[in-house]
Amino acid sequence: MNIYQEELLDHYENPSNYGTLPNPDISHEEDNPLCGDKIRMDLLVESDIIKEVRFSGHGCTISLAAASMLTEKILGKTLTEVKNLSRDDIMDMIGIPLGPVRVKCALLALKVLKAGAYGIKGWPGEEDS
C-alpha cells in the first residue's frame, strides 16, 4: 500500500472535522446518485475567513476521505481562496489515479462546498472532462 492509500484510509477511519455546527453561516448537502454517497458541509465564516468547518454524511472511502482532507485544507482560508479550488487541487490531494466514477466520489465534497458558498451547480471541472 502506498502512502496516498494509507492517508486515504486514515482519513476514512479517523476523519478530521466530522460532525455538524449548531449555527453555521453556510450549510449545504448533496449526494452522488451513482454510488449513494451523501456529504454535508457546515462553515462558520468571519470576515471572509473560514473559522470552523464540519462535514457529515456517509459514503465510500474516497468521498469521506476527500471531505476530511478538504476540511483541513480550507480551515483558515478566505472564501475567495475556497472559490478558486479546482478539480486538480482535489486530485492532487487524493494522490492516486481514479476512474471516472471514483472521480465524482472524490469531487463530491468540493461540489458541496462550492454549491453552498456560491450556488454553483454541476460537478467541479466537469466541463473540462
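A strand, in this tour, is a DSSP run of E at least two residues long, numbered from the N terminus. The model on your screen is predicted.

**Stop 1: the whole chain**

Show the protein as a cartoon. The protein contains five helices and three strands. Following the sequence from its start, you meet them in the pattern α-β-β-β-α-α-α-α. The C-alpha atoms occupy a box of roughly 40 × 35 × 25 Å along the principal axes. How does the radius of gyration fit a compact globule of 129 residues? The protein has 13 Å, which agrees with the value near 14 Å for such a globule. Among contacts between residues at least 6 apart in sequence, 58% join residues at least 24 apart.

**Stop 2: the sheet**

Select residues 26–32, 37–46 and 49–58, which are β1, β2 and β3. The three strands make an open sheet in the order β1-β2-β3, with antiparallel pairing. β1 and β3 are the edge strands, each pairing on one side only. From one strand to the next, the twist averages 15°.

**Stop 3: β1 and β2**

Keep β1 and β2 in view. Their antiparallel pairing runs over seven bridges. Now pick out opposite residues. H28 faces M41 in β2, E30 is opposite I39, and D31 is opposite K38.

Next, colour the two faces of β1. Which residues of β1 are on the covered face, and which on the uncovered one? I26, H28, E30 and N32 make up the covered face, while S27, E29 and D31 make up the uncovered one. Side chains in a regular strand alternate between the two faces of the sheet.

**Stop 4: the turn after β1**

Move to the end of β1. The hairpin of β1 and β2 has four residues between the strands, and G36 in the turn has a positive phi of about 85°. Select L34, which is in the loop between β1 and β2. Is L34 buried or exposed? L34 is exposed, because its relative accessible area is 56% and the cut-off for exposed is over 50%. Draw a distance from the C-alpha atom of L34 to that of D10: the separation is 24 Å, for residues 24 places apart along the chain.

**Stop 5: β2 and β3**

Shift to the other pair of strands. β2 and β3 pair in the antiparallel sense over nine bridges. L44 stands opposite E52 in β3, and E46 has I49 of β3 as its bridge partner. The β2–β3 hairpin has two residues between its strands, and S47 there takes a positive phi near 50°.

**Stop 6: helices across the sheet**

Add residues 61–74, which form helix α2. Helix α2 lies across β2 and β3 and runs at about 170° to β3. Then add residues 100–118, helix α5. This helix lies across β1 and β2, at about 145° to β1.

**Stop 7: the core**

Show side chains for the last stop. Which residues touch the most other members of the largest nonpolar core? They are L70, I74, I94 and L113, in a core of 35 residues. The elements giving two or more residues to this core are β2, β3, α2, α3 (79–83), α4 (87–94) and α5. The largest share, nine residues, comes from α5. In soluble globular proteins, nonpolar side chains tend to be buried together.

Centre the view on L70. Its neighbours within four places in sequence aside, L70 is in contact with M41, L85, I90, M93, A109, L110 and L113. M41 has already appeared, opposite H28.

Finally, switch on the surface. Of the 129 residues, 42% count as buried. The accessible surface comes to about 6600 Å², and 47% of that belongs to carbon and sulfur atoms.

Definitions and conventions
Residues are numbered from 1 along each chain as its sequence is written. This is a predicted model: local features need pLDDT of at least 70, side-chain atom pairs count only at pLDDT 80 or more; totals for chains, interfaces and linings use all residues. Side-chain values use heavy atoms; hydrogens and water are left out. Two strands pair if DSSP finds at least two bridges between them. Axes are lines fitted to C-alpha atoms, for helices over the stretch in contact, and angles run from 0 to 180 degrees between N-to-C directions. Contact means heavy atoms within 4.5 Å. The radius of gyration is taken over C-alpha atoms; the globule rule is 2.2 Å times the number of residues to the power 0.38. Buried means under 20% relative accessible area, exposed over 50%, partly exposed in between (1.4 Å probe, protein chains only). Accessible areas come from the Shrake-Rupley method with a 1.4 Å probe; for residues, only the protein chains shown count as cover. A nonpolar core is a set of buried Ala, Val, Leu, Ile, Met, Phe, Trp, Tyr and Cys residues joined through side-chain atoms within 4.5 Å.
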